[in-house]
Every structure is written in C-alpha cells, then in structure tokens.
Amino acid sequence: MNTHPVSVYNQVPAMLPPDQLFGPLFHDVQMQHVFPDSITFADTYPRQSPERILSQYEVEQGSDEFRLYEFVQSHFIVPAPVLVDYVSDQTLPTADHLHQLWDKLTYQSQPNCSLLPVPKPYVVPGGRFRGMYYWDSYFTMLGLKVSGQNDLIRHMVDNCAYMIDTYGHVPNANRSYYITRSQPPFFAYMVRLLADIDGPEILTHFLPFLQKEYNFWVDGYFRLGKAESSFRRVICLPNGVILNRYWDDTPAPRPESYREDVELAQEAFELGIDPSVLYRHIRAACETGWDFSCRWFADEQRLVTIRTTEIVPVDLNCLLYYLERTLALAYRQSKFTEAAERFDAIAANRCQTILTHFWNEEAGFFMDYDSVRNQHTPVWSLAGLFPLYVGIATPEQAERVHEHVKTKFLQAGGVVSTLHTSGQQWDAPNGWAPLQWVTYQALIRYGFVDTAAKLRERWLTLNDTVFRNTGKMMEKYNVINTNLPAGGGEYPNQDGFGWTNGIYLSLQTNDGTLVDWETVLAEQSLTQ
C-alpha cells in the first residue's frame, strides 16, 4: 500500500482549493505552462505555509534572476504519476496481472495541501489521478470483489460515508478543488454490493448516509415552481415535473484544468458568452463524469457551446431512482415503514417521469432532455441504457433499445459511448469500461444474452490485446478501430487503471449479479 507524501507544512485548511490558497502564484504557474498538465500543480505539496510562500513570491518575482520553475521546485513537492516505476509482466494472463496490481493502486491518504483526508485505504484510478474518485470506485469495487479484497471494499464504502458525513456529499474525488461538485451517484450501488457480501444489515448501517446524499441531490426541490424553475441540482419543467441535473456552485476556472478553462473563456467572451456561465457549465460537465461529450454541447463540434446545466440527463435520474429504491429498502429493513412507503412512492413517480420524458418514441431510444427547448437532445449515447440497467424500461422499449445497441453502438472492441465524433474523449470512437458494464448488465437483465456475450468477448479481447502489447490497462479504448489508441480530451490516455481493471475481472468471471434485496427482504418479512 502506498501513502501520499506529507508536505513539510501540512496544516493547510483542507477546504480551501489551491487556486484560493496561492492566488497570483497559482495563476502564473498555470498560465506560464510550468507543467504540461494543469493538475500537477493543483496536487503539489507546499513545503511552507501558503502565506510565507506568497510573501517570498512577491519579493522574488521582480528580480532579473527569477525563474518561476525553480521557485516552484524549491517551495513545493511535485507528485509523480501513479505506477510511474511499475513494470508489468506481460507474459501473465491479464487477470493474474490485475490481482497483483491492486496493492500498487492502493493508497492511504495523509494531510497535504489539496488532498482531503479519509480514514481508510482506497484504490486510485492511476496515471494523473491520485485521489479516490467517486464513480470510478464502484466499478473498481466490482473487481475487488472478484479478487477477494472485501476489506478494501469495506474501507472504500466507509470513506464515501465519511465524506458524505463531513462534506454533505461524495466529492468528485477527495481533493479540495473538487469539493463543490460530486459525480454520478453510485453510493447506493456500493452499499448494495457490500450488502451482498455482509448481509442486509449493511442497508441499515448506511441508511443515514444514503439519506444525506439524497438530500444533497434534491436540495431546494420544495421551492420550485413558476417563480423559480431551478435550484442547484433540481429543475422544474414547464409541466411542473421536477427532475435532476448536474451542477457546480462555483463559476470559476477549475484548478485542475485552470489554463484550459481560462483560454476557453477568452474564446467564449469573443462570442458574447459570459465566462462565468461557461465555467459553471464546464464544472457541471465534470460532475457528470462525461467530461467531455457532445451530450452537453449546443454545437457538437465546439466545447465553447457547452450548456450542461440546461440538459436533464437520463442516466442521472435513473441513478437517483435507484437511490430512492435503496432508501425504501433500507427504511423497511430498519422497521421505518412509513418512510419506506414514502420512498416507494417517490421512486414510482420518478420511474413514470423517466419513461414519459426521456423516451423518444420516434427514435425508439432514451434521450437526454433539453430544458430550454423542451425537447429531446439529438445526441445518441449509452446513457440511454440506464433505464434498462435499473430495470424500469418496458419490454417493448428494451427491445427497440437493444436493436440500436446491436446495429449502431456495438463495434469491434465493445460499445462506443456515443454515435458522434466530436474530438471529445467521451464520444466516438472511444469506449469506456463503466459503460461496457452498464450496457452488458442492461442487456442481460432483459434477456438479450447473445448481444451481451458479443460485447463481453470483444471488450475483453481488446483489453487482453492492449495489455499483451503494452503491459498496460487503459482508461479508455478505441473500440471502432482497435488498432488505434483512444484519444481526444484535455490530457493523454492514462494507464492503470482502476475501473478498467474492475470491469475486466467482473466480466471475465461473469460475477456481476447483485442480490435482489427487494425479494429477500419481502421473504424475510413473511417468515417473521
């Protein structure tokens, strides 16, 4: 197990992100390209207090001999990428390699400038990603279960509960610069996965944290109406229906992509777009996990046209339906019958709303909803598989969705994230491990076993081939032309890689069926 290095000065207030702590110094380091990747400086460890470093900067920067790179090196500890010195044994079967790799990807956090401490060990994705990332962690846990790493699963669920208790939600990752946003809410899936291992009392134990996360996502719903149609992550459509969207409270450049955001804001300003509006859309897109995809763009070829908060995403609302169902189960397990019945009704209402507002009858597919134009967005994406993944699609809808998967999304190396080629990393030609899993599980759930088997075989084969050729498991893959690497986005393809490893192991062993706790608890109540 690894530990994050501790800075000489480690009493920095954890809640303040590095752009606020280091102000002009942070801006200058990012804009002058001191590091090729903006996240590097956001993750550095200060050797002294921010106040002392800033004072030194004010004194020294006017000197003719001043060199910004040398100043940073002398006042900060620069972190290395994960696995930088690790050499894989490419003669091993891929699964054997992955069973051995968990220890190299397991960290125990210690206080430093931007890392939010959590009490227990966790798995990092790899490469430039040196924290515990929220939705990555669920898919990583699926592989940990196959490897028999149940204690590590328990630790990671406990860490998420700790962050919910401390910050009111699970941040994008345990970094101060992610504190204003979350990621797709998979905590309910984590809890149910752990319940599969340790029994239904897990639902009762984590009930307060499930409820607190739910409160975060529906904050302000009670105030919506004609006078106020949206607040944070809730939005009221013209017909009075309330659904959820992604959001971030801070309309400012992301510290981990500071230079990229400032430069994009200049382009936006020249087009008459308010930079603060752009920043919020950019940050909200990061909360989606799909950063970036043309799902969020007005013009699918131009990132500057991003409008994330105007889009009501089908996948987010399906995940919140699943959270509501899990809350109903947890309350029932805890003998709070009235609360269980209330969440049964809330979940049933959301189910009907999803089927009404996200189903595009003409296309025969589930699409995101444009809250400004009051119509479906034109982007075909695997987000449309989430109603099948959570089991609320009708058999007729599932049949039509399956036909599109089979004829449009399924490619030589697995399923492609969207049918659009925008140059962004969450669009064609790229495929991502979590979306392979969601699609595979959705197809299995509705009986499309043959197509699911083809997806599984093609994805595993692609992973195996890349590992044999490179010794690496990648963050994402080119599933259309399997001879080419994946590309697009703000940074190069990363290796490691937590969720890819987890999905590989779970697909290879076919170990992905979760316990049907609705049935188990119903049967328990009949025998009591």
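Helices here are DSSP runs of H or I with at least four residues, numbered from the N terminus. The exercises below concern a predicted model.

**Exercise 1. Determine whether the span of helix α13 agrees with its number of residues, and describe its surroundings and what follows it.**

Solution.
Step 1. Helix α13 covers residues 314-333, which is 20 residues.
Step 2. The expected span is 1.5 Å times one less than the number of residues, so for α13 it comes to 28 Å.
Step 3. The end C-alpha atoms of α13 are 29 Å apart, which agrees with that expectation.
Step 4. A residue counts as buried when its relative accessible area is under 20%. By this criterion 18 of the 20 residues of α13 are buried, and the helix is mostly covered.
Step 5. Lysine 335 follows α13 and has a positive phi, near 75 degrees. This residue is not a glycine, and it lies in the loop between α13 and α14. With a relative accessible area of 59%, lysine 335 is exposed.

**Exercise 2. Carry out the span analysis for helix α17, and state whether the helix is enclosed or not enclosed by the rest of the structure.**

Solution.
Step 1. Helix α17 consists of 13 residues, 433-445, and should span 18 Å at 1.5 Å a residue.
Step 2. Its end C-alpha atoms are 18 Å apart, in agreement with the expected value.
Step 3. Since 11 of the 13 residues are buried, α17 is largely enclosed by the rest of the structure. The buried residues include Pro434, Trp437, Tyr440 and Leu443.
Step 4. Glycine 447, just after α17, takes a positive phi of about 85 degrees.

**Exercise 3. Locate the cis peptide bonds that precede phenylalanine 292 and proline 429, and describe the backbone of asparagine 374.**

Solution.
Step 1. Aspartate 291 and phenylalanine 292 are joined by a cis peptide bond with omega of about 10 degrees. Phenylalanine 292 belongs to the loop between α12 (275-288) and β9 (311-312).
Step 2. The bond from alanine 428 to proline 429 is also cis, and its omega is near 10 degrees. Proline 429 is placed in the loop between β15 (414-415) and β16 (430-432).
Step 3. Asparagine 374 is not a glycine, yet its phi is positive, about 55 degrees. Its position is in the loop between β12 (369-370) and β13 (375-376). A relative accessibility of 36% makes asparagine 374 partly exposed.

**Exercise 4. Characterise the second largest pocket by its volume and its lining.**

Solution.
Step 1. The volume of the second largest pocket is about 340 Å³. Its lining comprises 17 residues, and those closest to the centre are Tyr214, Tyr221, Glu324, Ile346 and Arg350.
Step 2. At least two lining residues come from each of α10 (207-217), β8 (242-244) and α14 (337-357). The largest share, 6 residues, is supplied by α14.
Step 3. By residue class, the lining holds 9 nonpolar, 5 polar and 3 charged residues.

**Exercise 5. Assess how compact the chain is as a whole.**

Solution.
Step 1. The chain contains 20 helices and 17 strands.
Step 2. Its radius of gyration is 23 Å, close to the 24 Å that the globule rule gives for 528 residues, so the chain is as compact as a globular protein of that length.
Step 3. The C-alpha trace spans about 75 × 60 × 50 Å along its principal axes.
Step 4. Buried residues make up 60% of the 528.
Step 5. Among contacts with a separation of 6 or more, 70% are between residues 24 or more positions apart.

How values were computed. Residues are numbered from 1 along each chain as its sequence is written. This is a predicted model: local features need pLDDT of at least 70, side-chain atom pairs count only at pLDDT 80 or more; totals for chains, interfaces and linings use all residues. Side-chain values use heavy atoms; hydrogens and water are left out. On a 1 Å grid over the protein atoms alone, a cavity is a set of points where a 1.4 Å probe fits but cannot get out, and a pocket is an open set with protein on both sides within 12 Å along at least five of seven lines; lining residues have an atom within 4 Å of a point. Grid points are joined across faces, edges and corners, and a volume is the space filled by probe spheres set on the points. Ala, Val, Leu, Ile, Met, Phe, Trp, Tyr, Cys and Pro count as nonpolar, Asp, Glu, Lys and Arg as charged, and the others, Gly among them, as polar. Buried means under 20% relative accessible area, exposed over 50%, partly exposed in between (1.4 Å probe, protein chains only). The radius of gyration is taken over C-alpha atoms; the globule rule is 2.2 Å times the number of residues to the power 0.38. Contact means heavy atoms within 4.5 Å.
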